[in-house]
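Reader: I'm new to this one and would like a close look at a single part. Could you take me through the sheet and what surrounds it?

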Amino acid sequence: MSARQIPAITQHPSPNFDARQCAISHIILHYTDMADCDAALARLCDAASKVSAHYLICRDGSVVQLVDEAARAWHAGVSFWRGESDMNSASIGIELDHDGPNEAGAMAAFPTAQMEALAGLLADITARHKLDPQNILGHSDIAPGRKIDPGEAFDWAALHRAGFGLWLDNVSIEDVPPLALGSSDKAVQPLQKALAAFGYQITADGHYGAATKAVIEAFQRHFRASKVDGVADAETQSLIYAYCRAALKA
């Protein structure tokens, strides 16, 4: 996967937008969880649905713009990242045409043409708005426990190789005991603080409750998708601290 020139953008205006309340700082990726691009377009442009995004990328790599970037599309909902609770205002939303997980929970890979179109679109958006190319998040990152898209099948490592998003390879795994739901081990609070410093909305109360489990699952879904179980095993803990350090250095 590599960034390339994006195809011509088709305009398909949605009525679902309002005025931004802050500057753009991030780009949020979603999947449509619908049968095809036509079905997604119908919903994103239906005034009754009250949802939209700035762009929709179909499986064949074609790109549709629904909302002007200067406007606030309605894609993030109740969300939070690094102190910002109005991520609709703070971001550009991109929907990826995908039918989501099947009944067994498995997801198909995102097509190459779609991923290449995404890389091209991200190159264009980040350059025009002078955005940090690392500031690409999934809906699940900003709404843990409520959203899971773009899901485990999304290739964040490949996106990073194309120049977008934060990704670390060869992280050293510390030999530490796992933490799980119900734990009040002394290691819980520092882990919560690291997740909060990285950007997630989490209270560092020292108790591994349902909210902490949801954030751990969101982190795993993005950065360790091979095992999304909400258990902070040694690999998950090591990755959290590594990503926190990397983000704070940026």
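Author: Here is a walk through the sheet, with strand 7 as the guide, followed by some aromatic pairs.

First, some ground rules: this is a predicted model, where local features need pLDDT of at least 70 and side-chain atom pairs count only at pLDDT 80 or more, while totals for chains, interfaces and linings use all residues. Residues are numbered from 1 along each chain as its sequence is written, and side-chain values use heavy atoms, with hydrogens and water left out.

Now the sheet. It's an open one of 6 strands, in the order 1-5-4-7-3-8, with mixed pairing. Strands here are DSSP runs of E with at least two residues, helices are runs of H or I with at least four, and both are numbered from the N terminus. Two strands pair if DSSP finds at least two bridges between them. Strand 1 (9-11) and strand 8 (136-138) sit at the edges; each has a single partner strand, so one side of each lacks a neighbour in the sheet. On average, neighbouring strands are turned by 30° against each other, direction ignored.

Let's zoom in on strand 7 (residues 91-96). With strand 4 (residues 55-57) it pairs in the parallel sense over 3 bridges, and Tyr 55 stands opposite Ile 94 there. Strand 3 also runs parallel to strand 7, joined to it by 6 bridges; Ile 28 has Gly 93 as its bridge partner in strand 7.

How many residues of strand 7 are buried? That's 6 of its 6, where buried means under 20% relative accessible area, exposed means over 50%, and partly exposed lies in between (1.4 Å probe, protein chains only). Both faces are covered: Ser 91, Gly 93 and Glu 95 lie on one side, with Ile 92, Ile 94 and Leu 96 on the other.

Helix 3 (residues 112-129) packs on the sheet, touching strand 1, strand 3 (26-31), strand 4, strand 5 (63-65), strand 7 and strand 8. Contact means heavy atoms within 4.5 Å. The direction of helix 3 makes about 170° with that of strand 7; axes are lines fitted to C-alpha atoms, for helices over the stretch in contact, and angles run from 0 to 180 degrees between N-to-C directions.

His 75 is worth a stop too. It's found in the loop between strand 6 (71-73) and helix 2 (87-90), and it's buried, with a relative accessible area of 6%. Leaving aside neighbours within four places in sequence, the contacts of His 75 include Ile 28, His 30, Ser 91, Ile 92, Gly 93 and His 139.

On to the aromatics. A search of the whole structure finds 12 aromatic pairs. Rings of Phe, Tyr and Trp (its six-membered ring) pair if their centres lie within 6.5 Å; planes under 30 degrees apart count as stacked, over 60 as edge-to-face and the rest as tilted. Phe 110 and Phe 154 have ring centres 5.4 Å apart and planes at 80°, so that pair is edge-to-face. Phe 110 is in the loop between strand 7 and helix 3, while Phe 154 is in the loop between helix 4 (139-142) and helix 5 (156-161), 44 residues apart. Phe 110 is buried at a relative accessible area of 8%, and Phe 154 is buried at 4%.

Phe 219 and Tyr 243 are edge-to-face as well, 5.9 Å centre to centre with 80° between the planes. That pair links helix 7 to helix 8, across 24 residues.
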